[in-house]
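The following explanation is intended for a reader who meets this structure for the first time. Please keep the sequence and the three-dimensional view at hand while reading.

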Amino acid sequence: ESEWPLGAGVYVLYDISERPIYVGQGESVRKRLLDHREKFWFKQPLIQTGSFMPIKDLTLRRQVETLLIKFLRKNAILNKQNVDR
């Protein structure tokens, strides 16, 4: 938790096999992750690691998030929006 990014950006959460589980974006990634932690599926053992791309511009953040979700398709297990299944 102390390593979670403070700034704006796009993040990907992975399981133990390094499969992408969720793609998200936010003005404060740390705040978003704290919100996610309230839900049981965003905890270990399902979520093990994450990656982060700092992107300050809201429009660009949303575009990158949408592009990653479309690229990952059904592999981003918990994403429902912007996925062609």
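The paragraphs below proceed from the overall arrangement to the strands, then to selected residues, and finally to the largest pocket.

The model discussed here is a predicted one. Its protein chain contains 2 helices and 3 strands, and these elements follow one another along the sequence in the pattern β-β-α-β-α. Of the 85 residues in the protein chain, 34% are buried. The contacts may also be considered by their separation in sequence: among those with a separation of 6 or more, 57% are between residues 24 or more positions apart.

The strands offer a suitable starting point. Strand β1 takes part in two pairings. With β2 it pairs in the antiparallel sense, over 6 bridges; with β3 the pairing of β1 is likewise antiparallel and extends over 6 bridges. Individual residues allow these pairings to be located in the view. Between β1 and β2, V10 stands opposite Q25, and L13 has Y22 of β2 as its bridge partner. Towards β3, G9 stands opposite P54.

How are the residues of these strands placed with respect to the surface? In β1, 5 of the 6 residues are buried, and this strand is therefore described as mostly covered. Strand β2 comprises residues 20-26, and 7 of its 7 residues are buried, so the rest of the structure largely encloses this strand.

The connection between β1 and β2 deserves separate attention. These two strands form a hairpin, with 5 residues between them. Two residues of this loop, D15 and E18, may be set side by side. D15 is found in the loop between β1 and β2, and E18 is found in that loop as well. Are they buried or exposed? D15 has a relative accessible area of 5%, and because this value is under 20%, D15 counts as buried. E18 has a relative accessibility of 64%, and because this value is over 50%, E18 counts as exposed.

The backbone of E18 has a further feature: its phi is near 65 degrees, a positive value in a residue other than glycine. D15, for its part, is involved in several contacts. A polar atom of the D15 side chain lies 2.9 Å from the backbone nitrogen of S17. In addition, the side chains of D15 and R19 are joined by a polar contact of 2.6 Å. When neighbours within four places in sequence are left aside, D15 is in contact with I21, L46 and Q48.

From the hairpin, the reader may follow the chain beyond β2. S28 is located in the loop between β2 and α1. With a relative accessible area of 25%, S28 is partly exposed. Which residues does S28 touch, not counting residues up to four places away in sequence? They are L6 and G7. S28 and L6 are 22 residues apart along the chain, yet their C-alpha atoms are separated by 5.7 Å. The side chain of S28 also reaches the backbone oxygen of L6, at 3.5 Å.

A second pair of residues that are separated in sequence involves helix α2. This helix spans residues 58-72 and includes L58. L58 is partly exposed, with a relative accessible area of 36%. The C-alpha atoms of L58 and A8 are separated by 8.5 Å, while the two residues are 50 residues apart along the chain.

The final subject is the largest pocket. How much space lies in this pocket? The computed volume is about 420 Å³. The pocket is lined by 20 residues, and the closest to its centre are W4, L13, L33, T49 and G50. Two or more lining residues come from each of β1 (9-14), α1 (29-37) and β3 (49-54). By class, the lining consists of 10 nonpolar, 6 polar and 4 charged residues.

L13 links this pocket to the strands described earlier. L13 is among the residues closest to the centre of the largest pocket, and its bridge partner in β2 is Y22. Strand β1 likewise appears in both settings, as it pairs with β2 and with β3 and also gives two or more residues to the lining of the largest pocket.

Note on methods. Residues numbered from 1 in each chain as written. Predicted model: local features only at pLDDT ≥ 70, side-chain atom pairs only at ≥ 80, totals over all residues. Heavy atoms only, no water. 1 Å grid on protein atoms, 1.4 Å probe; cavity = no way out; pocket = protein on both sides within 12 Å on 5 of 7 lines; lining within 4 Å. Points joined across faces, edges and corners; volume = space filled by probe spheres on them. Helix = DSSP H or I, 4+ residues; strand = E, 2+ residues; numbered from the N terminus. Nonpolar A, V, L, I, M, F, W, Y, C, P; charged D, E, K, R; others polar. Buried < 20%, exposed > 50% of the residue type's maximum accessible area, 1.4 Å probe, protein only. Pairing = 2+ DSSP bridges. Contact = heavy atoms within 4.5 Å. Polar contact = N/O pair within 3.5 Å; in protein donor to acceptor, adjacent residues only side chain to side chain.
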